[in-house]
Amino acid sequence: LKMATATSIGPEKWKEASIGTIKVAQTLIARTEGDLYDAKVHDPLPLIRDACIQESNKRIHGYARASRAVVIRLRQAIVATNEEIKAMNRVRNAMEKSLDHARKDLTLNVHCTYIRQSRPAREKSP
């Protein structure tokens, strides 16, 4: 640590004590960082933590993959259901047309029968 010598505040003894305290703190920080690094290297907990994280990630990926598969199946089911609905609507429309034709035919038949019955006797066939 370089200290500026041009300007000095306070007595020289206080300045030297402050610089000594700073140096002790710096060496303590350096030693603590080294101890922490050594503890990380030799501590089995990070290995266990990493294994747990990897296992969790595997399960998460598996769940996401299964969820995507379910979504795909549901989309396919929706498409198939929509096609069935379209086919049923076509059949319903065809049935409605047939029913309309049958109603018209019945109405025409009833009307023709009434006309035949209401003819004068001379126009009726023998």
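The exercises below, each with a worked solution, deal with the fold, the surface, the cysteines and the charged pairs of a predicted model.

Residues are numbered from 1 along each chain as its sequence is written, and side-chain values use heavy atoms, with hydrogens and water left out. Since the model is predicted, local features need pLDDT of at least 70 and side-chain atom pairs count only at pLDDT 80 or more, while totals for chains, interfaces and linings use all residues.

**Exercise 1. Determine how many helices and strands the protein has, and what share of its residues is buried.**

Step one is to take the DSSP runs, numbered from the N terminus, where a helix is a run of H or I with at least four residues and a strand a run of E with at least two. On these terms the protein has 2 helices and 0 strands. Helix α2 spans residues 45-117.

Step two turns to burial, where buried means under 20% relative accessible area, exposed over 50%, and partly exposed in between (1.4 Å probe, protein chains only). Of the 126 residues, 2% count as buried. The accessible surface, computed by the Shrake-Rupley method with a 1.4 Å probe, comes to about 11900 Å², and carbon and sulfur atoms account for 62% of that surface.

**Exercise 2. Find the number of disulfides, and classify Cys52 and Cys112 by accessibility.**

Begin with the criterion, which asks for a pair of cysteine sulfur atoms within 2.5 Å. The structure holds 0 disulfides.

Then classify the two residues: Cys52 is partly exposed because its relative accessibility is 46%, and Cys112, with a relative accessible area of 28%, is also partly exposed.

**Exercise 3. Locate the salt bridges Lys86–Glu83, Glu96–Arg92 and Arg103–Asp100 in the fold, and state the accessibility of their residues.**

First, recall that side chains of opposite charge can pair when their charged atoms come close. The criterion applied here is a side-chain nitrogen of Lys or Arg within 4 Å of a carboxyl oxygen of Asp or Glu, and a search of the whole structure finds 5 such salt bridges.

Next, take the pairs in turn. Lys86 and Glu83 have their closest N and O atoms 3.7 Å apart; both residues lie in helix α2, 3 residues apart, about one turn of the helix. Glu96 meets Arg92 at 3.8 Å, N to O, and these two, also in helix α2, are 4 residues apart, about one turn. For Arg103 and Asp100 the closest N and O atoms are 3.9 Å apart, with a separation of 3 residues in helix α2, again about one turn.

Finally, assign the accessibilities. Lys86 is partly exposed at 44%, and Glu83 is partly exposed at 44%. Glu96, at 41%, counts as partly exposed, as does Arg92 at 44%. Arg103 is partly exposed because its relative accessible area is 49%, and Asp100 is partly exposed at 38%.
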